[in-house]
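Trainee: I am new to this structure and would like a close look at a single part of it, the open sheet and what lies around it. Could you take me through that part slowly and in one connected account?

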Amino acid sequence: MDVDLVVRNAVIVTVDDAVPRAHTLAVHHGRVLALDADGLRGRVEIDAQGAALVPGFGDAHNHMAWFGSSLDEVDLSGLTDLATLYDRVAERAAALAPDAFVIGAGYDDTAIGGHPHRRELDRAAGGRPVVLKHRSGHVTTVNSPVLARIGVLDGTAVVPEGGVVVRDDDGPTGTLEEQAQNLASALLVPYATDDLARAIGKAAAVYAAEGLTHVTECGIGGGWVGRSPRELAAYHQAREAGTLTVRVQLMPVADALHPVAGHASDPDGIGLDLGIRTGFGDDRLRIGPMKIFTDGSLVARTAAMHEDFCDRHSHGYFQDDPDLLRSRILGAHAAGWRIAAHAIGDRAIDLALDAFAEMQRTYLRPDARPRIEHAAVTAPEQIARMAELGVTPVPQVRFLYEIGDTMAAAVGPDRAAGLYRHASFLRAGLRVPGSSDRPVAAGAPLLGMQSMVQRRTSNGAVIGPDERVDAATALRAYTLDAAWIAGEERDRGSLTPGKLADFVLLTDDVTAVETDRIGEVGVVATFVGGRCTHGAEETGAEKLALDQEG
């Protein structure tokens, strides 16, 4: 029998307990046809020459449009001093028109010695407006021309609930926390759909090169994280252009949902026009859960905690009135949405769990799969409650490497071991999907797996050694468990006959190499639905390269 593709001589890790290992993979009509089947010939055949083959990687929490847009902005990541930041702003400003915005992203105040100050940004930009996004996404710093436009300097600005305009003895510093960022972002949004589509395409190319075949975009259509009310159209446009080379699930933010009229017998609740809700779409582009922000960030010290941060006389705050947050969760659930609640601090996690318990009491949906994004600071009793309610935590363990030292300083030694747990969630019977929160942290799944196994900071400290997992568990997190939380485990996440042929060829078996080498394993080629999205020339799979109709 002739089939579309056969990959031979591979070390195949299937992530399927029924058949955990194989050496040959046959693909037909975009799906896995068979493993180790004799007598099959491929229209295209690849000799893997002993390379490892694993299911395609998923990222259960990332910001694709934000990341793609940041590729054209001033890169402020990795800086260690404010002087260099001001130099980069000045360099970009010199190349712009006098009234053009200087936009940058990725700075870390804990690494550079503080947030930039508006007056220094004024000098660096030569009078041009400046908007700089903190790496966490929960803080934006702007200069005086921006503060003047949004009414902060003359006192006419109305600061939204759940936001803070930071001030010192001389007045506003230029730093805007949480919902206050909307004051500045209103000057930039909506982004043009064409620009967003191009940014999404740029991001997709990076993702394919890292072995990603599916990602969840956590927040479109509104709020401080959304780029445009037409953001879904930008994803459609990228797909039509053939540049969207990964499968994407899209989370509309709560701000984008509204009451939708219908028959008196229809359930009350909030949603999108025409009754669109979670599940609408296909296996290439689908609407996912509703995303709601309950609190802020550990790095920015705005997460809602039960106890004060160790280095600040504050225990953070909620993004809105708690009763309003609960009502939005209940309203979306009643209308058939799955819910993803951003909750980092333990106080915010309690709020989310209370709302999830109430929504299931009021409108029981056994397969609702509520999720808590980040779940950064959790107590044992909260983990037990997650298991009782069927709530899935979505932590980003790579944070521990990139910003773990400052997070540990924020919560202190008594609470640091409970940061971004993994093994404790598994012991409670919970799944832990792999995710990055890119561009807040590096998004390469192999780096994320290494952090799950090591839990090491960039300074070499190990945070929560009892929360470490083995490499096979880390691989499952980025494959089958990432598919499960998206509600698509029947179609992807393992190399099982009948499932979509999404897979990655790697230079080494990540479950067998030394843990220090997991992040260094090379991605040879990536396949989505049996079509090559990266590495076609290296594998001789040019005929399978993804085209516009793919």
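Mentor: Two strands count as paired if DSSP finds at least two bridges between them. With that in mind, and remembering that this is a predicted model, we can begin with one such bridge: the partner of E217 in β16 is L250. Six bridges join β15 to β16, which covers residues 247-252, and these two strands run parallel. They belong to an open sheet of four strands, in the order β8-β15-β16-β19, with parallel pairing. At its edges are β8 and β19, the latter spanning residues 285-287, and each of these edge strands pairs on one side only. From one strand to the next, the twist averages 15°. Strands of a sheet pair through backbone hydrogen bonds, either parallel or antiparallel.

Against this sheet we can place a helix: α8, made of residues 231-241, lies across β15, β16 and β19, and runs at about 165° to β19.

The loop between β15 and α8 deserves a pause, since W224 sits in that loop and forms a pair with F293 of strand β20, residues 290-293, so that parts of the chain 69 residues apart are linked. The two rings form a tilted aromatic pair, with 4.9 Å from centre to centre and 40° between the planes. W224 is buried, because its relative accessible area of 5% is under the 20% cut-off. F293 is buried as well, because its relative accessible area of 11% also falls under 20%. A second pair can be set beside this one: the ring centres of F399 and Y420 are 5.4 Å apart and the planes stand at 85°, so this pair is edge-to-face. It too links distant parts of the chain, with F399 in helix α12 and Y420 in the loop between α13 (413-416) and α14 (423-427), 21 residues apart. Both F399 and Y420 are buried.

Returning to the sheet, we find that two of its strands also help to cover a helix, for β8 (57-62) and β15 (212-220) are among the elements that cover the buried residues of α15. The covering elements also include α12 (399-411), α16 (471-477), β24 (503-506) and β25 (523-528). Helix α15 itself, residues 445-454, is mostly covered, with nine of its ten residues buried. Among the buried ones are P445, L446, G448 and M449. Just after this helix, R455 takes a positive phi of about 55°.

From L446 we can step to L506, since L506 is in contact with L446 as well as with F57, V54 and V523, among others, when its neighbours within four places in sequence are left aside. Both F57 and L506 reappear in the largest nonpolar core, which has 65 residues, where they stand with M64, L298 and L419 as the residues with the most contacts inside it. Helix α12 gives this core its largest share, six residues. Apart from this core lies another, of 33 residues, which includes L257, A332, M359 and V432.

Two further contacts between charges and rings complete the account. The charged end of R438 sits over the ring of F67, 4.9 Å from its centre, while R347 lies over the face of F318, at 4.8 Å from the ring centre.

Key:
Residues are numbered from 1 along each chain as its sequence is written. This is a predicted model: local features need pLDDT of at least 70, side-chain atom pairs count only at pLDDT 80 or more; totals for chains, interfaces and linings use all residues. Side-chain values use heavy atoms; hydrogens and water are left out. Buried means under 20% relative accessible area, exposed over 50%, partly exposed in between (1.4 Å probe, protein chains only). Contact means heavy atoms within 4.5 Å. A nonpolar core is a set of buried Ala, Val, Leu, Ile, Met, Phe, Trp, Tyr and Cys residues joined through side-chain atoms within 4.5 Å. Axes are lines fitted to C-alpha atoms, for helices over the stretch in contact, and angles run from 0 to 180 degrees between N-to-C directions. Rings of Phe, Tyr and Trp (its six-membered ring) pair if their centres lie within 6.5 Å; planes under 30 degrees apart count as stacked, over 60 as edge-to-face and the rest as tilted. A charge sits over a ring if NZ of Lys or CZ of Arg is within 6 Å of the ring centre and within 35 degrees of the ring normal.
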